[in-house]
Amino acid sequence: KKALEGLGAPVLLVLGNHDVGLRSGRHPEQEACFFLLAAESDELVFPDLNYNVDLGVALVSVINTNALDDATGKDLSTRLPSFSGWRIIAGHHVARTYHDKESENVVMPWLRKYGLKPHLYVNGHAHFLQFGVYEGIPALTSGSGAKLRERPSCPPYCGKDQLWGVSKVGYAVVDLTADTMVVTFKDSEGKALWTWEQKQTTKPAEKVEPR
């Protein structure tokens, strides 16, 4: 808890695979611990397993990727297209992460099922830094704050639609204005490692038909 406080900004909590029983599905007793933890601090945000935070310039939809459900998918399929700013979905499990989580393909089919196409999907889970654009969805993996895993760097060892990746302890920063998104990966000393930029051209957001 202490590591998450004092950052000068609210901290949005997301359930990970080690936060539930048997590392998957639902575990109400363990989930309750997170609600109690968040309630103890004004800086920690965790009102529900799936929730939305309107930042004005962006809507951040936090999802519980341990148990992706129909209710959340249907809600976001209506909520996201009606929001004219940046739409970001944040979950623990990866959209696609090469050299480590290639076979854990649960998020993309769920997004596809409900026609969800955010401007950015952010996740942890894999213990390194990586970025790609999969089925038109930019996705970043920033999971190297704990135990680091050594994996091939991209470039040169890039998977399909992977743009960049490196095994370094670090984090990702997303800077937003009304029409520009800049993603910057940094190492533990704050040195920039790689940057990606996108302009928003659709206002309001286009509705994507479910598949």
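In what order do the three strands of the open sheet with antiparallel pairing stand? The order is S10-S11-S12, where strands are DSSP runs (E, at least two residues; helices are H or I, at least four), numbered from the N terminus. This is a predicted model, in which local features need pLDDT of at least 70 and side-chain atom pairs count only at pLDDT 80 or more, while totals for chains, interfaces and linings use all residues. Residues are numbered from 1 along each chain as its sequence is written, and side-chain values use heavy atoms, with hydrogens and water left out.

**The three-stranded sheet**

- Strand S10 (170-176) and strand S12 (192-199) are the edge strands, each with a single partner strand, so one side of each has no neighbour in the sheet; two strands pair if DSSP finds at least two bridges between them.
- From one strand to the next the twist averages 15 degrees, with axes taken as lines fitted to C-alpha atoms (for helices over the stretch in contact) and angles running from 0 to 180 degrees between N-to-C directions.
- Seven bridges pair S10 with strand S11 (residues 180-187) in the antiparallel sense, and Gly170 has Asp187 in S11 as its bridge partner.

**The seven-stranded sheet**

- A mixed, open sheet of seven strands follows the order S3-S4-S5-S6-S8-S7-S9.
- Its edges are S3 and strand S9 (162-166), each with a single partner strand, so one side of each is left without a neighbour in the sheet.
- S3 and S4 run antiparallel and are joined by four bridges, and the bridge partner of Asp54 is Leu59 in S4.
- H2 packs on this sheet, touching S3, S4 and S5, and its direction makes about 25 degrees with that of S3.

**Helix H2**

- Within helix H2 (residues 70-79), Thr72, Gly73, Leu76 and Ser77 are buried, meaning under 20% relative accessible area, with exposed over 50% and partly exposed in between (1.4 Å probe, protein chains only).
- Viewed down the axis of H2, the buried residues fall within an arc of 135 degrees, so they line one face of the helix; the arc is that of the directions from the helix axis to the C-beta atoms.
- Ala71, Lys74 and Thr78, on the other side of H2, are exposed.
- The buried residues of H2 pack against strand S3 (51-54), strand S4 (58-62), strand S5 (86-90) and helix H3 (107-113), contact meaning heavy atoms within 4.5 Å.
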